[in-house]
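Hi everyone, thanks for making room for me this morning. I'd like to walk you through one structure, so please have a look at it before I start.

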Amino acid sequence: MTGDNRDLRDDFRAEIREFLGTRRARITPEQAGLPLYGGERRRVAGLRREEVALLAGISGEYYTRLERGNATGVSESVIEGIARALQLDEAERLHLLDLLRGANTTRRPRRRPALQRVRPTVQRVLDSMSGTPAFVLSGRGDILATNHLGRALFSPVYEDPVRPPNNARFVFLNPRATEFFRHWDEVAGDTVAMLRAEAGRDLYDRRLTDLIGELSTRSEEFRRRWAAHNVRMHTTGVKLLHHPVVGDLDLPFETFPLGDGPSQALLTYTAEPASPTQDALNLLASWAATTVDIERSESDNSSSANHSESADSAETPD
């Protein structure tokens, strides 16, 4: 086995150890339905390894090896038993499967992947949704494509000169994020949980690890949440925003996976008909159209001026 492969497995084993350890620590014996005997003194509030093993129907030695990252030959029934014992939800169970799969890999870490692309047909779908803010996001939270109204809705995110714009970077590094997201704390938790799940699917996505490194270095809030090892599926809900131009919006959202490239998803926001949010979206669409017209006019005037200057220069004798 090469050194690269050994490092690859070790990283996933460390993730398994920390993930299972944090899941075990959050469940008390009472929550797990285990009896407590009078005078019993416990060093930890959560479950012991042997208690997880008992609940999962496996030996304590086997579970201890698994929690330490020895994931060779783990059967589906064992995984399901552990998921029940630790009361894992579907996102957590899938994350554990991803980590176990990674711990058994033999492939070498990839170099920096190419930038993800969005098919022209998908962009046309976005553009056809003129009354609905719509985006294509990567698993890292990059905005890979959007339509006109989506660009206007997330205009504060686009103020960052880094391209593609990234939701996670905006949430944790831009001071305006706490105003834009009216429930910022919830958004921050969801953002980290989705990044953690994405890391489990591919721990060696170079762009993802670079992003996590940047956020960990620059944001104490991110570091604290990242250490919790929470994962989450966040495919539907309501986003509460405060747009700098049109004010408050309560926007139900839906997320749909796309088959083009890894971890791409279509995100759409809609408003309840005849609601204040629908009125705000209509106003935002008018504002966005005016902004584009001004930008085009300025661009045309600039081009005309440059052309005139070039012509004058050409006609001036030496």
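**Strands, a helix and some salt bridges**

Let me start with a single pair: L137 has I143 as its bridge partner in strand 2. Before I go on, this is a predicted model, where local features need pLDDT of at least 70 and side-chain atom pairs count only at pLDDT 80 or more, while totals for chains, interfaces and linings use all residues. Residues are numbered from 1 along each chain as its sequence is written, and side-chain values use heavy atoms, with hydrogens and water left out.

Back to the strands. Strand 1 (residues 134–137) and strand 2 (residues 143–146) run antiparallel and are joined by three bridges. Helices (H or I, at least four residues) and strands (E, at least two) are DSSP runs, numbered from the N terminus, and two strands pair if DSSP finds at least two bridges between them. These two strands form a hairpin with five residues between them, and G141 in the turn has a positive phi of about 90°.

Strand 1 also pairs with strand 5, in the antiparallel sense, over four bridges; there, V136 has L266 as its partner. Strand 4 (residues 247–257) is joined to strand 5 by five bridges, again antiparallel, and T255 is matched with L267.

So, is strand 5 buried or exposed? Five of its five residues (265–269) are buried, so strand 5 is largely enclosed by the rest of the structure. Buried here means under 20% relative accessible area, exposed over 50%, and partly exposed in between, with a 1.4 Å probe and protein chains only. A265, L267 and Y269 point one way, L266 and T268 the other.

Now to helix 13, residues 206–218. With 13 residues at 1.5 Å each, helix 13 should span 18 Å, and its end C-alpha atoms are indeed 18 Å apart; the expected span is 1.5 Å times one less than the number of residues. Which residues of helix 13 are buried? They are L208, L211, I212, L215 and S216. Looking down the axis, these buried residues fall within an arc of 130°, so they line one face of helix 13; the arc is that of the directions from the helix axis to the C-beta atoms. As a reminder, an α-helix has 3.6 residues a turn, so residues three or four places apart point the same way.

The buried residues of helix 13 pack against helix 10 (167–173), helix 12 (184–201) and helix 14 (220–226), where contact means heavy atoms within 4.5 Å. The face turned away from that buried side carries the exposed residues T217 and R218.

Last, charges. The whole structure has 23 salt bridges, each a side-chain nitrogen of Lys or Arg within 4 Å of a carboxyl oxygen of Asp or Glu. One of them joins E15 and R196, at 2.8 Å, N to O. That pair links distant parts of the chain, E15 in helix 1 (residues 3–25) and R196 in helix 12, 181 residues apart. Both E15 and R196 are buried.

Another salt bridge joins D190 and R232, with the closest N and O atoms 2.3 Å apart. D190 lies in helix 12 and R232 in the loop between helix 14 and strand 3 (236–243), so this pair ties together parts 42 residues apart in sequence. D190 is buried, with a relative accessible area of 5%, whereas R232 is partly exposed, at 35%.

That's my tour, and I'm happy to take questions.
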